[in-house]
Amino acid sequence: LAENMAGVANLFTGQKTITESSVEGALNEVKRALLDADLNLMVTNTLVDAVKSKAVGMKLVDGVTAKQQFVNVMNDELVEIMGAEQAPLARRTDGKPTVILLAGLQGTGKTTAAAKLAKYLQQEEEPKKVLLVAGDVYRPAAIDQLISLGKRIDVEVFSMGQGVDPVEITKAGLERAVEGEFDTVIVDTAGRQVVDDTLMTELKDIQVASEADEVLLVVDAMTGQEAATLASVFNEKIGITGAVLTKMDGDTRGGAALSVQGVSQKPIKFVGIGEKMSEEEAAKLAKKMINAEFDFNDFLKQAKMMKGMGSLGGVANMIPGMAGKITPQQLNQAEEGVQRAEGLIKFMTPEERRTPKLLILDPTSQARCRRIARDAGVKLSAVSAFLKEFQAMQSNMSRMGKQMADGDPNAGPG
Ligand code: GDP
Ligand code: MG
């Protein structure tokens, strides 16, 4: 998205006020970029119209370029769609456990999200005592999957095996929660290939029987606009309270996040990243980080992930552990930095990418840096500045890695 928006900036060069014609031109670019990012057409049009009516004729504030001002208006409107604040999960106050129902099609990541959400709630400032309820009685391996995930994060899983009515399971699960003094119950449910009446009726029955406080539709970010359509359908049929967006780490174009919210008017309450909650993966990364083996290839990988969502300001705030810690402005800055860095890394040899030391400590480093600067068309000082940042990042990583290895629960990936 950011790449596609780059051209927008040039349209405002030298302007003192924001004129209709420059806005038209810029918005056409914006529109193309948003649609490319797989944003729903209706949401795109709403956004573009809102930006237009606010931006045209706007007087320029001293010291702010037309481009900056335009981008600010865009940001405000995006935040408006996303909701300025992270929508909190409902919490019951009548002494009964809070019930969160996870619904959705097969394979969207419900079971994985159930465990991630449990882990997240367990690690909140005010840690919750969570019970997972295995309500998917159709897929043979589904119950075992939840039980094994529960073991890993040390969360009790309530199950009654297959062939039992999920409504009965949920009711019995709630009894267990009261008896065991759990304060939160997360019910994992079955999915189908397509939306069908059986699925909807079953969900509705579970919802009613459990007096669910949250009915969250789990949608796969990689399905783009389909995710938004699904959210609308589920909302009409059973009334959802929000959505969980999974697979944000995948090759998603980011539009789903805005579309779900824009089309269904339901907030995204939780974001899932990463296939596994696997400790091995975290341990591997931690080791890499401690040994400062984090190289330019790792940097590019992270950059790619950031680009998928960086422009969507609010999304970052929904990642467990990042909530409220990052502003859209910071994200924009980070994104610009990442773009500059990518521009330089492109001109590094594969060996240099794997071995950052070659550019920092090696006797050949000066000549190498000069070559990169020349090929990338930047000053040598720009390369040096980037390498300094990279070193700072490496040592930050190293510290974080050590914390992760020491088992600091806030430092691990979600
Ligand atoms: P369910 O059928 O909706 O319960 O989906 P599962 O939780 O069983 O997940 C289906 C597949 O998607 C599994 O292979 C998961 O490992 C994978 N998956 C789930 N969440 C994520 C995610 O956030 N990122 C990635 N990359 N894969 C995920
Ligand atoms: Mg499942």
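Strand E2 pairs with strand E3 (residues 156-158) in the parallel sense, over three bridges; two strands count as paired when DSSP finds at least two bridges between them. Helices (H or I, at least four residues) and strands (E, at least two) are DSSP runs, numbered from the N terminus. The model is a predicted one, in which local features need pLDDT of at least 70 and side-chain atom pairs pLDDT 80 or more, while totals for chains, interfaces and linings use all residues. Residues are numbered from 1 along each chain as its sequence is written, with chains lettered from A and ligands numbered from 1 in the order in which they are written.

Within the pairing of E2 and E3, valine 133 lies opposite phenylalanine 158 of E3. The route from E2 to E3 leads through helix H6 (residues 142-153), a right-handed β-α-β crossover: viewed with the strands pointing away, the path from the first strand over the helix to the second runs clockwise. E2 also pairs with strand E4 (residues 184-189), again in the parallel sense, over six bridges, and leucine 132 has isoleucine 186 of E4 as its bridge partner.

How enclosed is strand E2 (residues 130-135) by the rest of the structure? Six of its six residues are buried, so E2 is largely enclosed. Here, buried means that 20 or more other C-beta atoms, placed from the backbone, lie within 10 Å of the residue's own; 12 or fewer means exposed, and in between partly exposed. Val130, Leu132 and Ala134 point one way from E2, whereas Leu131, Val133 and Gly135 point the other way.
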